Amino acid sequence: MSQDPIYPPNREFTAKASVSGMDAYRRLYTEAAEQPEEFWGQLAGEHLHWFQKWSHVFEWNPPFVKWFVGGKTNVSYNCLDRHLNSPRKDKVAILWEGEPGDSRAITYTELHRLVCRFSNVLLARGLKTGDRAILYMPMIPELPIAMLACARLGITHSVVFGGFSSEALKARIQDLGAQVVITADGGWRRAKEVRLKDAVDEAITGECPSVKDVIVCRRTGSDTPMQPGRDHWWHELDAASQDHCPAVELDSEHPLYVLYTSGTTGKPKGILHTTGGYLLHATMTMRWVFDIKEEDVYWCSADIGWVTGHSYIVYGPLSAGTTTVMYEGAPDTPAFDRWWALVAKYKVNIFYTSPTAIRALIRQGDEWPAKHDLSSLRLLGSVGEPINPAAWEWYHRVIGKGRCPIVDTWWQTETGGIMIAPMPGAVPLKPGSATLPMPGVLPEIVSLEGKPVGDDQEGFLILKRPWPGMLRTIWGDPERYREQYWSRVPGVYFTGDAARRDKDGYYWILGRVDDVMNVSGHRLSTMEVESALVKHPAVAEAAVVGKPHEITGQAVCCFVTLKKGDYSHDILGKELRQWVAHEIGAFARPAEIRFTEALPKTRSGKIMRRLLREIVTSNSVAGDVTTLEDMSVVTRLAAQHDED
Ligand code: PRX
């Protein structure tokens, strides 16, 4: 074994775990690797409801895959209806708390009723299977209700995170060609109203001809102008609706949702997930990684606007019949113990969050969690970015009281569900490692030529085989899908992450190898920020890199050259930060704007981001710079920082 500290599963946990001990994990893993059809076919039959059975488990025409070919099912039916003939019918499905302190406990029976009513609202607006809906909402129960209603009817949804600006929203509505936008007047964040309907108006007025209806949920009650004919209040439509709405029998490959994520260009990619395979992946990982028990209260603190919320607040937990907690607001409102107060209040057993959140809470001190009874917790999770061992140890000691295993889960918007993570009753943990692959996941670490590298060698993380929750394509752009994921190393899925595998076969994810930054666990492309910056009238050129940041993992750092003119760098710096927030969203606001006379470029004119990354990381420049056009630019940029 290697020198890293190891935490074997504790005996009490293992005794009750659904996958108990390494032999059980290895058996599952080997079976999935050697007999994928039998393995997945059996699980799909056991864990999901099908209106009609499939003819083949999968069909792989690289790079396109279909799962459960010919099968008919419905995600909303699996998350709701099938629980109603069981003791789960009166179980709480969603345990919600608003930032101001209001709360709701919605049982499976009630959630089913609310979803049926909203499905009928959509039908009454003329929407049908195959149409598209954009959901731009706060973290309120109506968001999963709208998602499940769309899924019920086969309307493909795309949730746009409420932190995205109207510009970003517009681009997504246009790319998807959505017929309906479902939103709210606003939501609460840090005791302030985030006005969502205003952003929708700004996005669509005159610019999104596909949108026929805007449905607005009343959350904050603030003054909200409504455009007659186009805009409708959710509660008014609901008043005329009915409780009964059968789930449509959909093909296993029916498009469930599109989720936009940052790629390496300025244009976000619409990642398409479909029905049967995706739901099976989300459901099985809920069991394997979160070891979910009937009586568990489970809380994933993500926002549903990101993939984590799709798979592990809504679809995975509800399909598994779990009580899933949803919290609307910020972790520091009204004080830094809000999350711990919620854990104590709802007796949360499983808590899943991001390293950024953990690091931010560490900074506030141990007195905040110490105020609350956290003894209900039995399992902790982490997602979105590498967790540094110090943050891992704190999470383990201060939140888990040394008792709770931590599942560090590696996956991506594209993978649909967790890919590398420990099964907590089986796999010994090493802080900082996502440990071992899930059944059916065949990773490898390779050089750019596609050759496996040795133990402990850094290389590119690739996946050798299609899996059930895999993205099917990029919405409207199958060529980009092929080129982005299946061409770098021909025939295998290129994750865009660097990693190493140690002698025990454990995976250590090292971060992105492309021009994608990871800020607070949110993906942001350097090109997206650059395109936003060059739209500003004063900016000639921009180059953006991620700068290591103690809390958020990376921060956005921009190098900017200006057009001729007389500018105050101070004022313009502030303006540009605000500009990016307006173009993309507040979470993308740059931490730093550095003005420079020129950007370092190769002779062929490509900006050398690697050098800029080195400048922001270490302020020294090493490596091969012979292709630089003008080395003095780099020295000046580095020197400029020394003066700061
Ligand atoms: O770089 C990896 C990092 O987040 C990227 C995926 O981002 P996104 O599609 O936004 O999905 C985030 C939530 C699933 C990956 O390419 N990442 C995610 N989880 C981990 C991670 N890096 C290290 N360890 C993780 N557990």
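**Close-up 1. Phe68, a buried residue with positive phi.** Phe68 counts as buried because its relative accessibility is 0%, where buried means under 20% relative accessible area, exposed over 50% and partly exposed in between, with a 1.4 Å probe and protein chains only. Phe68 sits in strand β2; helices (H or I, at least four residues) and strands (E, at least two) are DSSP runs, numbered from the N terminus. Look at the backbone here: phi of Phe68 is near 60°, a positive value in a residue other than glycine. Please keep in mind that this is a predicted model, in which local features need pLDDT of at least 70 and side-chain atom pairs count only at pLDDT 80 or more, while totals for chains, interfaces and linings use all residues. Residues are numbered from 1 along each chain as its sequence is written, and side-chain values use heavy atoms, with hydrogens and water left out.

**Close-up 2. Ala191, an exposed residue with positive phi.** Ala191 also is a residue other than glycine with a positive phi, near 65°. Its place is the loop between β9 (186-189) and β10 (192-195). With 60% relative accessibility, Ala191 counts as exposed.

**Close-up 3. The cis peptide bond between Pro62 and Pro63.** Here two prolines are joined by a cis peptide bond, with omega about 0°. Pro63 belongs to the loop that links β1 (56-61) and β2 (64-69), and β2 is the strand that holds Phe68.

**Close-up 4. The cis peptide bond between Thr333 and Pro334.** Omega is about 0° at this bond too, which is cis and joins Thr333 to Pro334. You will find Pro334 in the loop between β17 (323-327) and α12 (338-346).

**Close-up 5. The largest cavity and its lining.** Rolling a probe the size of a water molecule over the atoms shows where empty space is left. On a 1 Å grid over the protein atoms alone, a cavity is a set of points where a 1.4 Å probe fits but cannot get out, and lining residues have an atom within 4 Å of a point. Grid points are joined across faces, edges and corners, and a volume is the space filled by probe spheres set on the points. There are 5 cavities of 30 Å³ or more, and the largest holds about 100 Å³ of space. Its lining has 17 residues, with Lys269, Gln484, Tyr485, Arg512 and Asp514 nearest the centre. Both α16 (478-486) and β23 (493-501) supply at least two lining residues, and β23 gives the most, with 4.

Methods: 1 Å grid on protein atoms, 1.4 Å probe; cavity = no way out; pocket = protein on both sides within 12 Å on 5 of 7 lines; lining within 4 Å.
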